[in-house]
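Please open the model in your viewer and keep the selection tool at hand. We will go from stop to stop, choosing a few residues each time.

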Amino acid sequence: MKLELRGITKKFGALVANDHINLTVEAGEIHALLGENGAGKSTLMNVLYGLYRAEEGEILLDDVVQHFAGPGDAMAAGIGMVHQHFMLIPVFTVAENVMLGHEDTRSGGRLDLVAARKRVREISERFGFDVDPDALVEDLPVGVQQRVEIIKAVSRDAKVLVFDEPTAVLTPQETDELMVIMRQLKEAGTSIVFITHKLREVRAVADRITVIRLGAVVGEASPTASNVELATMMVGRAVDLTVDKDPAVPGDAALSVRNLSVLNARGQVLVNNVSFDVHNGEILAIAGVQGNGQTELTEALMGLQPRVSGEITLDGKSLRGHSVRQVLEAGVGFVPEDRNEDGLVGEFTIAENLMLDRSNDKPFVKMWNVQRALLAKFAVDKVKEFDVRSQGIDTPVGRLSGGNQQKVVLARELSRELRLFVAAQPTRGLDVGSIEFVHERIVATRDAGTPVIVISTELDEVAALADRVMVMYRGRIVGIVPGDTPRAVLGLMMAGEAPAGEGAAA
């Protein structure tokens, strides 16, 4: 089925999320929609899927104009969508999830689960999915859950299938398997829209590439285009995609973590007896698929988790049981994974955000009064040093772009004398140019002799920054390996397989 979008415009108040976008996907084609987070890719697909209604433009399938009042109409027309965050009921079986919303009933109103199981088996055999229709979704690995989403769409006769950032929760091996599945779907005649911001993946599988920047189409490209060419189209300027860093010269161990465990409120173990060290002048990257304990480990280091056992010491002094303020005052700089929730106060100005973790002491506060002149000078200097693009230091930080907000967080945390720098998902939601800047500052912090921990689900980022890589799986450390460990090995570790000849100790 041929898909055509003509002049699609979608607005949220004064924000133009999609600006007269034209897109054509031929029958049996894998068409990549490439752009940075916030470029408008997902909004465009939500218009296609009937979740949003565009102010202007039209959708055509095989040259026939469509009018979708909701996702049900889109599905009935042959459009399916595999969302970044799966739309599955964990306690239901695969067959029950596949039939959900499209229930077949026998006489007497009973659900026809036999037919649903048969349909799952047929599609699984056709594409080699190896999915048990009677398995509970909550017991399935993430990669298999994604296959269930694909089975759902195919079972409803989807002729156009949209994959929205489908690799965000996959290991490298699961990503490779998904690419194979996408090619199989293409060969079966399905048209595929592949939404992504990852250059490596789009070049591996796409037939054509459309690049979106700031809500508008800026051009088309072939998969033979280089990463540099694609990145330049995405950002609008030349970008250095490599991280320039000399080999680390590690010093003594500064942070020592021993037998650390974290429980949630129900007593479930989220971090299970982990031990590791971080040395002065090195970057330890913590890798793993999201949800394997990295967030809780980071929060435990920062004093944000209440149910912690084990030991955390920095320069020989215990940090366990300390408040967040005490951890910061011990010389720990922290970039949280959600800057809007935990790193910034959107209504405060840039200047006010730059003093957040020093709001009760010198130099910015004296006798309970903010030293405005001193703060203003400091803020002007940091805005210049960190290249924060704004209308001035009195601009509310909530009005800044994601990249500039992250620069404010970095400027605040790196303007203190640090004994440890912890950066969680430091480039999430940033454009390629901002990523380049953030990486440079992280490496410069390491080169100044500070121990650095980077927590990232982006394997390219881990490979670019890490001197050593610690991989977590289901709350445990699978292994700690050199930063130049091959991606294939790291991918197996992310699936829980210990590296050959390596232990799980620091």
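Start by selecting Phe 421 in this predicted model. Show its surroundings, leaving out neighbours within four places in sequence, and you will find Phe 421 in contact with Gly 333, Val 335, Leu 410, Glu 413, Leu 414, Ile 442, Thr 445, Thr 450, Pro 451, Val 452 and Ile 453.

**The nonpolar core**

Now add Val 408 and Ile 442 to your selection. Together with Phe 421, they have the most contacts inside the largest nonpolar core, which has 34 residues. To see what feeds this core, colour helices H12 (350–353), H13 (372–385), H14 (402–413) and H15 (432–447), then strands S19 (420–424) and S20 (452–455); each of these elements supplies at least two of the core residues. As a general background, nonpolar side chains tend to be buried together in soluble globular proteins.

**Helix H15**

Stay with H15 for a moment. How far apart are its end C-alpha atoms? They are 23 Å apart, which agrees with the 22 Å that the 16 residues of H15 should span at 1.5 Å a residue. Next, pick out the buried residues of H15: Val 432, Gly 433, Ser 434, Glu 436, Phe 437, Val 438, His 439, Ile 442, Val 443, Thr 445 and Arg 446. Just beyond, click on Gly 449, which follows H15 and has a positive phi, near 100°.

**The six-stranded sheet**

Show the strands as ribbons and trace S16-S19-S20-S13-S21-S22, the order of an open sheet of six strands with mixed pairing. Strands S16 (332–335) and S22 (476–482) stand at its edges; each has a single partner strand, so one side of each is left without a neighbour in the sheet. From one strand to the next, the twist averages 15°.

Zoom in on S21 (residues 468–473) and S22, which pair in the antiparallel sense over six bridges. Here Tyr 473 stands opposite Arg 476 in S22. Two helices are worth adding to this view. H14 packs on the sheet and touches S16 and S19, its direction making about 175° with that of S16. Helix H17 (residues 487–494) also packs on the sheet, where it touches S21 and S22, and its direction makes about 30° with that of S21.

**The four-stranded sheet**

Move to the open sheet of four strands, ordered S2-S1-S4-S5 with antiparallel pairing. Which strands stand at the edges? They are S2 (15–25) and S5 (64–66), each with a single partner strand, so one side of each is left without a neighbour in the sheet. The twist here averages 30° from one strand to the next.

Select S1 (residues 3–12) and S4 (residues 56–61): five bridges join these antiparallel strands. Leu 3 stands opposite Leu 61 in S4. Then bring in helix H1 (residues 41–48), which lies across S1, S2 and S4 and runs at about 115° to S1.

**Gln 145 and helix H5**

For the last stop, select Gln 145 in helix H5 (residues 142–155). Is Gln 145 buried or exposed? At 17% relative accessibility, Gln 145 counts as buried, because the cut-off for buried is under 20%. A polar atom of the Gln 145 side chain lies 3.0 Å from the backbone oxygen of Leu 140. Not counting residues up to four places away in sequence, Gln 145 touches Phe 86, Leu 88, Val 137 and Leu 140.

Now widen the selection to the whole of H5. Of its 14 residues, 13 are buried, so H5 is largely enclosed by the rest of the structure. Finish on Asp 157, which follows H5 and has a positive phi, near 60°.

Methods:
Residues numbered from 1 in each chain as written. Predicted model: local features only at pLDDT ≥ 70, side-chain atom pairs only at ≥ 80, totals over all residues. Heavy atoms only, no water. Pairing = 2+ DSSP bridges. Axes fitted to C-alpha atoms, helices over the stretch in contact; angles between N-to-C directions. Contact = heavy atoms within 4.5 Å. Core = buried A, V, L, I, M, F, W, Y, C linked by side-chain atoms within 4.5 Å. Buried < 20%, exposed > 50% of the residue type's maximum accessible area, 1.4 Å probe, protein only. Expected span 1.5 Å × (residues − 1). Polar contact = N/O pair within 3.5 Å; in protein donor to acceptor, adjacent residues only side chain to side chain.
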